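Q: I would like to learn how to read individual features in a structural model. Could we go through this one together, starting with how residues are classed by their accessibility?

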Amino acid sequence: MSSTAVSTSSSRLRLPKWAAPAGVAVLFVVAYLVFRGTATLPHDKEAPQFLAVTDLREWIDDHRNDNPLFLYFLNYIRLFVGWLYGLFQSVLYALGWPGITGVMGALAWLAGGWRFGLAAVAGVSAFGVLGLWQSSVDTLALVAVSVLLSLAIGIPLGVWAGLSGRVRRVITPVLDVMQIMPTFAYLAPLALFFHIGAPAGAIATMIYSIPPAIRITALAISEVSPTAVEASSSLGATGRQTLFKVYLPLARSTMALAVNQTIMMALSMVVIANLISAPGLGGDIIRGLSRAQVGLMLPAGVAIVIMAVLLDRTMMAIAHRGPHTGLRKVDLVAAGTLAVAGVALIPVLPRTWPENLTVNFVAEVNYAVRWAETSWYGVTTLIKDLTTSALLNPLETLLTSAPWWLVALAVLAVAWRVSGVRPALTALACLLAIALLGVWEHTMQTLTTVVVAVFVTLVAGLVLGVAAARSPRYSAVQRPILDAAQTMPAFVYLLPALALFETTRFTAIFASVIYAVPPVVRLVEDGIKGVPAPVVEAATSAGSTPGQLLWKVQLPMARRAILLAANQGIVMTLAMVVVGGLVGAGALGYDVVVGFSQRPDFGMGFVAGIATVLLGVMLDRITQGADRRPSPRKRKST
């Protein structure tokens, strides 16, 4: 037989690419139908591991003041953070509303001009008008302590990581876990080791806000021009002089972004930290959630948004000003006058905001919510019921009725196919650990909510991102909306969700979609815009229609950006869906909340937090591996 005949016969016998995945899928379907309802690992609230963790907490509480670890280490950390918080709180209370308003207005004026200075005065005054002056001051103090400690730790580590590739490789996995870990998961161990209150809340906020400080600082240092460093060394500068005279000045603008992101992360976390009795605006939001009253939540949510916008715009204005941009003498005089006037009025005016200048609209907001529920009841109920019956219930039934080993094999197969061997083994290890922890059923319920929310998020993100990439006018309209959405803390998104859909699983999904869509849209838009112009021109000149150009050229070439968008969508959705345990999402999020509120269930809440981390690591590693793998075409060509 000739070689031509052999090659022809082999090409005829070659199976299409979809044949192997389809065959594996058929095997899984058959296995599910055969073994359905067996080895399902139902949830047991009285599981031994839950009781063991609860007993451990009781032992720690009993020996907090005689165990060497607490007596000589952890207690001192708690006392130091508590002292620092008390110092900031005392200073802010001493300034009172006149002093804080004058000083904040002056700083904003110096950073962004007179318009921004007046906006800052109005924003700070809004805290008092909303009747939340003391809570806002407590939140400011907690944010100040958390950000100060985060930057004191994060910036030196970031500089070290930027200068040393070995240090960067060591701390990157730690930062990955810290950012993947949903915020709820921090709270149980912190309550265990640092008790509850402002110190534990500040430490929880630090854990959440340190990673961006380290990552962005390391990026800023690593991107400093090697030529400038070599020139400094050739002139005889020491390492310390090169650091302070070259690296830090040239990385200044990017490091300002690190400060900005640290502040935003801290503001987002201080609300959740109220679950371990951290003071501030979080208490008003948690009370509104527990009573399902948007009217109680809305003023605190508005105050947090105002605080976030003021701090965000101030830091961005400082970053854009540049190291050599001077201040006009008029601005210096005006800002100084404003600050002095505020401080001078402290003995004259009351330090707390006068009650007769507050506005209470709780009843009006609750009335508007009830009107919306009755007026839009048919539409919102239809959307909620359709999503629940068509997506949530079938998927949850599938995951909770399938044998645990079959779900583990399915995750292994998908992860292996998408990301490779190492991410697949990591995903399998996380899933097996969840099974050993005894929260398999609730993890599958949480996974159901996450999958549905991620699906909706990616569809919405792709549509909006593609539209923005192909229309500069639409992108200009959408950009400020995305800026505002990314500035708002996560808890604020629960307000419209709760107003429209009451306390259900769909409420958590709706809130998580609003929370996760903005970064997905940005990444998709940047990915499509990043496709080289010559490639687009070549496809257009070859006669491609706009649809063909999108599906055959732009989306495939933006694959890495889209996979990164999927990764970010999964991580942010998981974090928000767990928070949704406060508004009816159930499963792991509800377990965590119950573990904090009911002492006998602390073990269940603690284990649920660990399971949430494992679930996040599993989903993150799958999509990160997909982002790092070369495309099939590239593998084939090599």
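A: We can begin with a cut-off, since the word "buried" is used here for a residue with under 20% relative accessible area, "exposed" for one with over 50%, and "partly exposed" for what falls in between. Please keep in mind throughout that this is a predicted model. As a case, Pro212 has a relative accessible area of 6% and is therefore buried, and this proline is found in helix H9, which runs over residues 198-222.

Q: Which residue is 46 residues from Pro212 in sequence, and how far apart are the two in space?

A: The partner is Ala258, and the C-alpha atoms of Pro212 and Ala258 are 6.2 Å apart although 46 residues separate the two in sequence.

Q: Where else can I read such a pairing, for instance for Asn366 and for Thr623?

A: Asn366 belongs to helix H16, residues 362-375, and counts as buried because its relative accessible area is 13%. Measuring by sequence, Asn366 and Leu296 are 70 residues apart, whereas in space their C-alpha atoms are 8.4 Å apart. Thr623, in turn, sits in helix H28, residues 602-628, and at 11% relative accessibility Thr623 is likewise in the buried class. Thr623 and Leu564 are 59 residues apart in sequence, with a C-alpha to C-alpha distance of 7.4 Å.

Q: How many salt bridges does a search of the whole structure find?

A: The idea is to look for a side-chain nitrogen of Lys or Arg within 4 Å of a carboxyl oxygen of Asp or Glu. A search of the whole structure on that basis finds 1 salt bridge, and in it the side chains of Lys529 and Glu525 meet at 2.8 Å, taken from N to O.

Q: Where do Lys529 and Glu525 lie relative to one another in helix H23, and is Glu525 buried or exposed?

A: Both residues are in helix H23, residues 505-529, and because they are 4 residues apart there, about one helical turn separates them. Glu525 is buried, with 8% relative accessibility, whereas Lys529, at 44%, is partly exposed.

Q: What residues form the nonpolar patch on the surface?

A: The patch consists of Leu391, Phe455, Val456, Val459 and Val463, which together have about 420 Å² of accessible area. Helix H20, residues 440-470, supplies the largest share of the patch, with 4 residues. Phe455 lies in this helix H20, and its relative accessible area of 53% places Phe455 in the exposed class.

Q: How should I read the crossing of helix H4 and helix H5, and within what distance do their axes come?

A: A crossing is read from the angle between the two N-to-C directions, and an angle over 145 degrees counts as roughly antiparallel. The axes of H4 (residues 68-112) and H5 (residues 114-129) come within 7 Å of each other and cross at roughly 150°, so the two helices are roughly antiparallel. The handedness is a separate reading, and the crossing of H4 and H5 is right-handed.

Q: Why would a positive phi deserve a second look?

A: A positive phi stands out because most residues other than glycine have a negative phi. In this model, Ala39 has a positive phi of about 50° although it is not a glycine, and Ala39 is found in the loop between helix H2 (19-35) and helix H3 (48-62). Leu41, also not a glycine, has a positive phi of about 55°, and Leu41 too has its place in the loop between H2 and H3.

Q: What class of accessibility do Ala39 and Leu41 fall into?

A: Ala39 has a relative accessible area of 34% and is therefore partly exposed, and Leu41, with a relative accessible area of 30%, is partly exposed as well.

Technical notes: Residues numbered from 1 in each chain as written. Predicted model: local features only at pLDDT ≥ 70, side-chain atom pairs only at ≥ 80, totals over all residues. Heavy atoms only, no water. Patch = residues over 30% accessible without salt bridge, like charges linked within 9 Å, V, L, I, M, F, W, Y side chains within 5 Å. Areas by Shrake-Rupley, 256 points an atom, 1.4 Å probe, with all protein chains shown as cover. Buried < 20%, exposed > 50% of the residue type's maximum accessible area, 1.4 Å probe, protein only. Axes fitted to C-alpha atoms, helices over the stretch in contact; angles between N-to-C directions. Parallel < 35°, antiparallel > 145°, perpendicular 65-115°, else oblique. Left-handed = near helix turned anticlockwise from the far one by under 90°.
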